[in-house]
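Me: I'd like to learn how to read a model like this one, feature by feature. Could you walk me through it?

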Amino acid sequence: MRSRPRLGAANAALIALYFVPVWGAEAVRALTSPFYGFDDPMHAAAASYVRGVFDFGLPGLLRASIVLATIKLVAAAAFLACVIDFARALLVRREVDRVTLETALALAGGGVLLLALPILGTGDGGLIRLHATELLLVVGAITVLSVERHVEERAARPPPAAEPGAAGRPIRAAP
């Protein structure tokens, strides 16, 4: 049992401190707005793109807007659960639940990738930079967790056994 959480869990908790208020507020604003979130350029571009791909009418456009806002809200809630689990792990001195971390990062990764193409299609430099930052946050956290898991698996394996009698022989180059 470790006394403090690993780097991947701390990294995910820091990222969650960004995603919970930002994506949570954007999602709630889109879900409660009389304009269905179309006053936000990023949300409007994503909903319009989904409408264009699936050839929806106006009701489909509104449903696409609601679905995108709901995805953001669920990802923000998953990150909130990640922060709560991280704080609890610090207080109780136990490991952070990996399933919670991976679920939050998978939801955020899916949401970021779902918004990627519409945002790139707008050509708006500010939106692209904001989206690229969110993408790098999520990809960086996934990378840290993957490397951390690989190191743990490698440490858990027994060291390879040496061939009998090969320990004292010098290595010679082939002629």
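Reply: Happily; we'll go through the fold, a long helix, the salt bridges, a surface patch and the cavities. Keep in mind that this is a predicted model.

Me: Let's start with the fold. How many helices and strands does the chain have?

Reply: There are five helices and zero strands, so the pattern along the sequence reads α-α-α-α-α. Of the 175 residues in the chain, 33% count as buried.

Me: How do I check the geometry of a helix, and what span should α3 have?

Reply: The idea is to compare an expected span with the distance between the end C-alpha atoms. With 35 residues at 1.5 Å a residue, α3 should span 51 Å, and its end C-alpha atoms are indeed 51 Å apart, which agrees. After α3 comes R93, which has a positive phi, near 60°.

Me: Now the salt bridges. How many does the structure hold?

Reply: It holds six. A pair counts when a side-chain nitrogen of Lys or Arg lies within 4 Å of a carboxyl oxygen of Asp or Glu. One of them joins K72 and E26, with the closest N and O atoms 2.5 Å apart. This pair links distant parts of the chain, as K72 sits in helix α3 and E26 in helix α1, 46 residues apart.

Me: Are K72 and E26 buried or exposed?

Reply: Both are buried. That label applies under 20% relative accessible area.

Me: Which residues form a network of salt bridges?

Reply: R6, R98, E148 and E152 are linked in one. Take E152 and R6 to begin with: their side chains meet at 2.6 Å, N to O. E152 belongs to helix α5 (residues 125–156) and R6 to the segment before α1, so this contact spans 146 residues of sequence. E152 also meets R98 in a salt bridge, at 3.1 Å, N to O. Since R98 lies in helix α4 (residues 98–122) and E152 in helix α5, that pair ties together parts 54 residues apart in sequence.

Me: How should I describe the exposure of E152 and R6?

Reply: Partly exposed is the term for values between the buried and exposed cut-offs, 20% and 50%. E152 falls there with a relative accessible area of 26%, and R6 does too, at 25%.

Me: What about the surface? Which residues make the nonpolar patch?

Reply: V28, L31, Y36, I66 and L73 make it, and the patch covers about 370 Å². The elements giving two or more residues to the patch are α1 (7–32) and α3 (58–92). To see how one member qualifies, look at L73 in helix α3. Patch residues need over 30% relative accessible area; L73 is partly exposed, at 32%.

Me: Is there a general rule for which helix residues point the same way?

Reply: Yes, a handy one: an α-helix has 3.6 residues a turn, so residues three or four places apart point the same way.

Me: Last topic, the cavities. How many reach 30 Å³ or more?

Reply: The count comes to two cavities of 30 Å³ or more. The largest cavity holds about 40 Å³ of space.

Me: Which residues line the largest cavity?

Reply: Its lining consists of E26, R29, A30, G37, D39, D40 and H43. Helix α1 gives the largest share of that lining, three residues. You have already met E26 as the salt-bridge partner of K72, so this residue is a good place to look at both features together.

Methods:
Residues are numbered from 1 along each chain as its sequence is written. This is a predicted model: local features need pLDDT of at least 70, side-chain atom pairs count only at pLDDT 80 or more; totals for chains, interfaces and linings use all residues. Side-chain values use heavy atoms; hydrogens and water are left out. Patches are made of residues with over 30% relative accessible area and no salt bridge: like charges are joined within 9 Å, nonpolar side chains (Val, Leu, Ile, Met, Phe, Trp, Tyr) within 5 Å. Accessible areas come from the Shrake-Rupley method with a 1.4 Å probe; for residues, only the protein chains shown count as cover. Helices (H or I, at least four residues) and strands (E, at least two) are DSSP runs, numbered from the N terminus. Buried means under 20% relative accessible area, exposed over 50%, partly exposed in between (1.4 Å probe, protein chains only). The expected span of a helix is 1.5 Å times one less than its number of residues. On a 1 Å grid over the protein atoms alone, a cavity is a set of points where a 1.4 Å probe fits but cannot get out, and a pocket is an open set with protein on both sides within 12 Å along at least five of seven lines; lining residues have an atom within 4 Å of a point. Grid points are joined across faces, edges and corners, and a volume is the space filled by probe spheres set on the points.
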